[in-house]
Amino acid sequence: MHSPILKVQNLHTWFETPTGTARAVDGVNFELYQGETLAIVGESGSGKSITALSLMQLVPEPAGYIEKGSIFYKNRDLLDLTWEEMRALRGKDIAMIFQEPMTSLNPVLTVEKQIVEAMQVHGTATGAEARKRAVDMLNKVGIRSPQQVVRQFPHELSGGMRQRVMIAIALSNNPQILLADEPTTALDVTVQAQILDLLASLQKELGMSMLLITHDLGIVARVAQRCCVMYAGQIVEEAPTSELLKNPQHPYTRGLLASLPSRARRGQELYTLEGVVPPPTRWPKGCRFALRCPNRMDICKNVLPGETALSPQRRVSCHLYNSDSAEAAVPLENPS
Ligand code: SF4
């Protein structure tokens, strides 16, 4: 594989809270390659959205801060950039879309004004050219009457249309990387599928890379070539999506997959992953999944598992795969 367009190393993003330091992102590593979609999947509270916000340096301050790590974009560490340099890059090289468009769309500006502003800020187009591009962008994201929609305000549009407008704004400067944080969670199932197909086709057409943050393995299967599974502030498994879905290795990934409805298990009761992600102010000393893990061993309670490379493209953090553990040979059964 060629060199990555984005390389995240040992990223730690912490928050100071009244109950202590919340280590929301706690040693995350991954690489994103040109033209691919990489998904970060996990339950709420796993740290996946904070990871995306850290890449944009949009972690809410002063409570939140990047404690340590590196975020290399085209071989430059974004954490070394000045505020001005980062502002110039945000929205131009790396753009982001969110779950709820109303939180990022300005309710008092027309759609045209918002797309035009996104281009003007970065000087990629101004005046009549920017206005024409606003209409072109709406066309590109599948809005049927762009000439009319461009004059409307966000509240006049449906949820799906607003999401398309947000995608148009995000893509208006031809970014190299799109961060999509739960981009379809607030939409109904049919619109969800349309937006996912749109993102996949735009990504191919524009050749950009996409980092997709989601809790939904169905979405991962639909659009991502590779997948990182995040749990309690760390990535516990990484694999090409097809391999991960066929042959999950980490007990948490197995539990997530077994709790999905499938044709093969029709009529059977769904597996339930018991318990919740522990609070980030009190990560357990050993494996953070130990309290919920059906395969836990004595070592799991006290020792945080390191990463084991299963192949050049697969890694897992679990004592079951650590050859130093005496119990490593225990075969894993799917919990379904
Ligand atoms: Fe389960 Fe132990 Fe692996 Fe953690 S390290 S996932 S507790 S087997």
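**A chat about helix H8 and the cysteines**

Colleague: Hi! Where does Asp-197 lie?
Modeller: Asp-197 lies in helix H8. Keep in mind that this is a predicted model.

Colleague: Thanks! Is Asp-197 buried or exposed?
Modeller: Somewhere in between: Asp-197 is partly exposed, with a relative accessible area of 41%.

Colleague: And what about H8 itself, how many residues does it have?
Modeller: H8 has 18 residues, running from 189 to 206. From first C-alpha to last it reaches 26 Å, close to the 26 Å expected at 1.5 Å a residue.

Colleague: Which residues of H8 are buried?
Modeller: Val-191, Gln-192, Ile-195, Leu-196, Leu-198, Leu-199, Leu-202 and Gln-203. Looking down the axis of H8, those buried residues fall within an arc of 160°, so they line one face of the helix.

Colleague: What does the face turned away from the buried side carry?
Modeller: That face of H8 carries exposed residues: Val-189, Thr-190, Lys-204 and Glu-205.

Colleague: And what comes just after H8?
Modeller: Gly-207, which takes a positive phi of about 70°.

Colleague: New topic! How many disulfides are there?
Modeller: The count comes to 0.

Colleague: Why is there no bond for Cys-228?
Modeller: Because the closest cysteine sulfur, in Cys-227, is 6.7 Å from the sulfur of Cys-228, which is too far for a bond. A pair would need its sulfur atoms within 2.5 Å.

Colleague: Is Cys-228 buried or exposed, by the way?
Modeller: Cys-228 is buried, at a relative accessible area of 0%. Cys-318 is buried too, at 9%.

Conventions. Residues are numbered from 1 along each chain as its sequence is written. This is a predicted model: local features need pLDDT of at least 70, side-chain atom pairs count only at pLDDT 80 or more; totals for chains, interfaces and linings use all residues. Side-chain values use heavy atoms; hydrogens and water are left out. Helices (H or I, at least four residues) and strands (E, at least two) are DSSP runs, numbered from the N terminus. The expected span of a helix is 1.5 Å times one less than its number of residues. Buried means under 20% relative accessible area, exposed over 50%, partly exposed in between (1.4 Å probe, protein chains only). The arc is that of the directions from the helix axis to the C-beta atoms.
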